[in-house]
Amino acid sequence: MGKQVAQPVGRLTRLSASDYGWIARAIKSAQQSTHRVRVGASVVVAGRGHSAPNKFRNSAHIDGRESTTHAEEAAIARAYRGGGGGTIFVARIGKAGDLRASHPCDRCMPQIIKAGIKRVVYYDG
């Protein structure tokens, strides 16, 4: 049997009250970002949440093209010390604080799968 991949969940209309709370945490994390593209992520494992914005920057000499630590990467690093399962919530906000379409990028999705996250929740417009 192959490894089960994360199940994406699109629009925010079919979520539980708990899911709305976690996506609100991801939005709050996105508000803390100082980057042009403001993204926040929350990883929830066994009822415990870990959130992070995309605000940490590496030296351009290390990786000039992808020099930002993505919110998904930071939230996964905070949440996992081994194990798996759980849900990741990803939110992006515009300059005016409005919710924008967002989903894990090609760089983050393999890390989400490797971490064993079973569900991805994001806003798709």
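These legends go with several views of a predicted model.

**View 1. The whole chain, with its helices and strands.** Let's start with the full picture: the chain holds 3 helices and 6 strands. Follow it along the sequence and you will meet them in the pattern β-α-β-β-α-β-β-α-β. Among the contacts in the chain with a separation of 6 or more, 62% join residues 24 or more positions apart.

**View 2. The surface and the buried residues.** The accessible surface of the chain is about 7100 Å², and carbon and sulfur atoms account for 51% of it. Of the chain's 125 residues, 43% count as buried.

**View 3. The largest nonpolar core.** Here you can look at a group of 17 residues, in which Val 43, Ile 76, Tyr 80, Ile 88, Ile 112 and Ile 117 touch the most other members. Two or more residues of this core come from each of strand S2 (38-45), helix H2 (71-79), strand S4 (87-93) and strand S6 (119-122). Which element gives the most to this core? That is H2, with 5 residues.

**View 4. A close look at Ile 76.** Now find Ile 76, one of the core residues that touch the most other members. Setting aside neighbours within four places in sequence, Ile 76 is in contact with Val 43, Ile 88, Gln 111, Ile 112, Ala 115 and Ile 117.

**View 5. Another nonpolar core.** Apart from the largest nonpolar core lies another core, made of 8 residues. To find this core in the model, look for Leu 15, Val 44, Phe 89 and Ala 91, which are among its members.

Terms used. Residues are numbered from 1 along each chain as its sequence is written. This is a predicted model: local features need pLDDT of at least 70, side-chain atom pairs count only at pLDDT 80 or more; totals for chains, interfaces and linings use all residues. Side-chain values use heavy atoms; hydrogens and water are left out. A nonpolar core is a set of buried Ala, Val, Leu, Ile, Met, Phe, Trp, Tyr and Cys residues joined through side-chain atoms within 4.5 Å. Buried means under 20% relative accessible area, exposed over 50%, partly exposed in between (1.4 Å probe, protein chains only). Helices (H or I, at least four residues) and strands (E, at least two) are DSSP runs, numbered from the N terminus. Contact means heavy atoms within 4.5 Å. Accessible areas come from the Shrake-Rupley method with a 1.4 Å probe; for residues, only the protein chains shown count as cover.
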